[in-house]
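Here are some short exercises to try with the structure open beside you. Work through each task yourself, then compare your steps with the solution.

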Amino acid sequence: MKFFRSSKTRPPALSRSEALACVPEIVPAVSWQSQESGDILIEYPLVVKPLLKAIFSRFNRESTENLTRKLQLDSLGSQVWVLIDGSNSVGEIIRTFADSSTITTQEAEQSVTTFLRELGKRGLIILR
């Protein structure tokens, strides 16, 4: 008998070909703008757990409804972000990124998938 059983069941892991065929999309709640330098500045809502929201509201009179975070991407991250338009698959983004930079396809695959994974953890993109 397990005492600490996870209540969430994980979906089965995707194969490499299935993962490369996924199409990333930007979540509608996320806004972004291009800076003068060409870098991208992303603004997204901050998700606050109810307990922390209650503690915060006791010490601060401001509303916690409109809390946002900002993330500024470098030039390479900005190149990938612009390619996330809801029509390019992960594989197409990797090939385009590898062609536009001086790295190999394997290095581009590693970099882009890690970057997309981090964006997904922050809730900025979804894969379909």
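**Exercise 1.** In this predicted model, decide whether E25 is buried, partly exposed or exposed.

*Solution.* Start with the relative accessibility of E25, which is 24%. Buried means under 20% and exposed means over 50%, with partly exposed in between. E25 therefore counts as partly exposed.

Now look at the partner of E25: its side chain meets that of R128 in a salt bridge, 2.2 Å from N to O. This pair links distant parts of the chain, with E25 in strand β1 and R128 in the segment after β5, 103 residues apart. R128 has 54% relative accessibility, so R128 counts as exposed.

**Exercise 2.** Find which parts the salt bridge of E109 and R16 ties together.

*Solution.* First, check the pair: the side chains of E109 and R16 meet at 2.7 Å, N to O. Next, locate each residue: E109 lies in helix α5 and R16 in helix α1, so the bridge ties together parts that are 93 residues apart in sequence.

**Exercise 3.** How are helices α4 and α5 oriented to each other?

*Solution.* Begin with the angle: α4 (residues 90-100) and α5 (residues 105-121) pack at about 125 degrees, their axes 9 Å apart. Then compare: roughly perpendicular covers 65 to 115 degrees and roughly antiparallel is over 145. The two helices α4 and α5 are therefore oblique to each other. Finally, look at the residues in contact, among them F97 of α4 and L116 of α5. By class, the contact has 8 nonpolar, 2 polar and 1 charged residues.

Note on methods: Residues numbered from 1 in each chain as written. Predicted model: local features only at pLDDT ≥ 70, side-chain atom pairs only at ≥ 80, totals over all residues. Heavy atoms only, no water. Axes fitted to C-alpha atoms, helices over the stretch in contact; angles between N-to-C directions. Helix = DSSP H or I, 4+ residues; strand = E, 2+ residues; numbered from the N terminus. Parallel < 35°, antiparallel > 145°, perpendicular 65-115°, else oblique. Contact = heavy atoms within 4.5 Å. Nonpolar A, V, L, I, M, F, W, Y, C, P; charged D, E, K, R; others polar. Salt bridge = Lys/Arg side-chain N within 4 Å of Asp/Glu carboxyl O. Buried < 20%, exposed > 50% of the residue type's maximum accessible area, 1.4 Å probe, protein only.
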